[in-house]
Number of protein chains: 2
Amino acid sequence: MALDRLIEKITELQNPTVAGLDPKLGYIPASIRERAFARYGETLEGAAAALLEFNKGLIDALCSVVPAVKPQCAYYEMYGWPGVKALHDTIAYARDKGMFVITDGKRNDIGATMEAYAAAHLGSVTVGSAEYTPFGGDALTVNGYLGSDGINPLLTVCREKDKGIFVLVKTSNPSSGELQNQVFEGGDTLYATVGKLCEEWGEQLPGKYGYSGVGAVVGATYPEQLRELRQSLTRTFFLVPGYGAQGGGAKDVAPAFDQNGLGAVVNASRSIMCAWQKNGAAEQDFAKAAAQEAVRMRNEITAEIGKITLK
Amino acid sequence: MALDRLIEKITELQNPTVAGLDPKLGYIPASIRERAFARYGETLEGAAAALLEFNKGLIDALCSVVPAVKPQCAYYEMYGWPGVKALHDTIAYARDKGMFVITDGKRNDIGATMEAYAAAHLGSVTVGSAEYTPFGGDALTVNGYLGSDGINPLLTVCREKDKGIFVLVKTSNPSSGELQNQVFEGGDTLYATVGKLCEEWGEQLPGKYGYSGVGAVVGATYPEQLRELRQSLTRTFFLVPGYGAQGGGAKDVAPAFDQNGLGAVVNASRSIMCAWQKNGAAEQDFAKAAAQEAVRMRNEITAEIGKITLK
């Protein structure tokens with residue numbers, strides 16, 4: 001199952017982190033933007049070309065240090081279909097460099113429609129007698145509000161194509177408790193209830209290292225819930241957003257890991273992408289600054305969790 | 001607010017329905033597919049060209065009868081970025097023909113990312129000194145699992161650009177009750193709790209006809225909940241999927257409407273798109289068959305709810 005590939009890559013690099021690729025034009029060095037606009041004009045195509053060049057630079061600098069990237073669909077859709085083409089090209093480039101790609105789309109719908117999303121983001125589609133991989137990520141983030149029949153089509157594609165999913169359980173944003181922390185009559189919160197469903201869904205995608213192909217999104221900004229969920233969801237791998245710009249630190253994410261240093265991958269987006277701006281680096285050093293921040297983050301987290309070993 | 005424009009269009013055409021545009025290659029007449037493949041090959045571009053021609057035919061035939069279309073993003077993403085370009089072109093064509101466009105993306109994320117989704121689907125984006133409308137729908141379906149700060153950026157764009165949103169409350173699929181029907185300690189179900197939030201969020205987007213710019217998705221397949229929610233959510237306009245292929249009928253959707261025949265728009269996708277296949281029509285009559293089914297659906301529903309009048 002696909003999360004096994006992520007786990008192996010994390011162990012190989014001794015780095016349980018993922019770099020979020022959420023590019024906005026304002027994060028991109030002026031020289032890259034100007035080159036793209038010179039070629040395509042100040043158009044959506046021009047913006048998309050700048051995004052892609054920025055991403056490629058980041059991927060080149062990160063791929064020997066960081067096991068995975070997580071492009072967030074919203075930042076590509078914001079630049080229209082040319083942006084969505086840049087999403088495709090970014091995924092292909094990162095995979096080509098050996099990185100595991102988590103497409104962050106938080107997709108959700110009824111069963112028939114989830115078949116289409118599963119084909120789009122993790123699977124393939126047939127056109128006449130040809131078969132195409134529309135986006136080709138290794139894993140997709142999804143929202144479980146619609147229950148099992150919105151998840152089952154994904155499990156089918158995950159099994160066939162060696163892919164994984166991450167279901168939103170406890171999100172990192174300030175208002176995540178508004179619904180997620182409410183307690184059902186049986187005594188479980190909404191987030192714990194979705195967590196239990198992840199364990200059930202995961203039974204269909206067992207993994208080699210104790211974690212299934214159905215992961216959970218649990219925010220670094222709620223370390224108490226992170227600890228509680230790590231203890232109750234023993235087969236569920238966590239994608240942990242909220243480190244860095246959103247406020248979570250290494251001590252906050254430590255409870256997400258098991259005694260082998262496995263069990264989670266921690267995401268940082270802005271703190272890596274914008275490291276060159278924050279550190280006052282020259283703009284041609286944007287990728288170097290990103291890699292330096294990624295190494296700093298890796299060191300900070302592994303100092304808390306120790307050596308990562310496969311069971 | 002944008003749902004006022006939808007309400008006015010519904011009243012003008014005396015038709016409270018929306019045609020779902022969820023095209024799959026298998027729904028499209030062979031002559032359209034062959035023409036597209038002859039030009040672009042059996043490629044994603046070829047598939048997208050076939051989708052767009054099919055949609056344009058449907059829109060031409062439906063625009064004088066049906067007030068709105070609802071393209072479902074998944075069916076476009078399934079054909080990669082060329083499919084997403086066809087989504088953009090479909091939205092533009094439908095708006096050009098005077099139709100109200102509900103982009104069915106069920107998007108959801110943290111606040112900073114929802115700003116990007118809001119710009120993508122309802123707003124605009126700046127590239128250098130130019131401004132672009134990436135997709136330009138009139139309303140977007142969204143998932144409220146992340147709470148208010150995942151919704152607020154949408155409300156800002158809705159206010160500025162005269163747009164609306166529909167939040168998933170009680171979905172039409174068989175397993176929708178798995179989470180949505182569970183009861184919180186306070187006595188409310190999850191779906192009723194999200195419904196109440198819609199009423200609160202809607203206070204920021206008041207409308208001329210008693211309904212706010214924050215609508216709710218409530219499935220035709222659960223008429224009891226539809227009735228309950230219509231009574232409790234007095235300011236919230238409903239988008240009602242599940243009519244037709246999913247099993248809901250006119251009597252099932254009648255409780256979604258108020259005494260003026262307002263308060264809801266009922267979606268049918270496959271029953272309209274595939275009417276030509278179901279009725280054994282010649283394939284060149286696909287659009288005529290869709291319009292006939294749309295008229296039948298309109299007549300069936302308006303027979304239940306009577307004349308639609310603005311308060």
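In this predicted model, the buried residues of helix 6 of chain A pack against several elements of their own chain, namely strand 3 (100–107), strand 4 (125–127), strand 6 (139–142) and helix 7 (152–161), and also against helix 4 (73–77) of chain B. Helix 6 of chain A covers residues 111–121, and nine of its eleven residues are buried, so the rest of the structure largely encloses it. The buried set begins with A:Thr113, A:Met114, A:Glu115 and A:Ala116, carries on through A:Tyr117, A:Ala118, A:Ala119 and A:Ala120, and ends with A:His121.

Now for how the two chains sit together. Two copies of a chain are related by a rotation about an axis and a shift along it. Here, a turn of 180° with a shift of 0.0 Å along the axis lays chain B on chain A, with an RMSD of 0.0 Å. The two copies are therefore related as by a two-fold rotation axis. In chain B, B:Phe184 has the C-alpha nearest that axis, 2.0 Å from it. As for the contact between the copies, 100% of the interface residues of chain B are interface residues in chain A too, which means that the copies meet through the same surface.

A quite separate spot is B:Lys208, found in the loop of chain B that runs between helix 9 (190–202) and strand 8 (214–218). B:Lys208 counts as exposed because it has 12 C-beta neighbours inside 10 Å, and 12 or fewer is the cut-off for that class. Along the chain, B:Lys208 and B:Ala120 are 88 residues apart, and their C-alpha atoms are separated by 26 Å.

Key
Residues are numbered from 1 along each chain as its sequence is written. Chains are lettered from A and ligands numbered from 1 in the order in which they are written. This is a predicted model: local features need pLDDT of at least 70, side-chain atom pairs count only at pLDDT 80 or more; totals for chains, interfaces and linings use all residues. Helices (H or I, at least four residues) and strands (E, at least two) are DSSP runs, numbered from the N terminus. A residue is buried if 20 or more other C-beta atoms lie within 10 Å of its own, exposed if 12 or fewer, and partly exposed in between; C-beta atoms are placed from the backbone. Two residues are in contact if their C-beta atoms, placed from the backbone, lie within 7 Å. Copies are superposed by least squares on the C-alpha atoms of residues with pLDDT of at least 70 in both.
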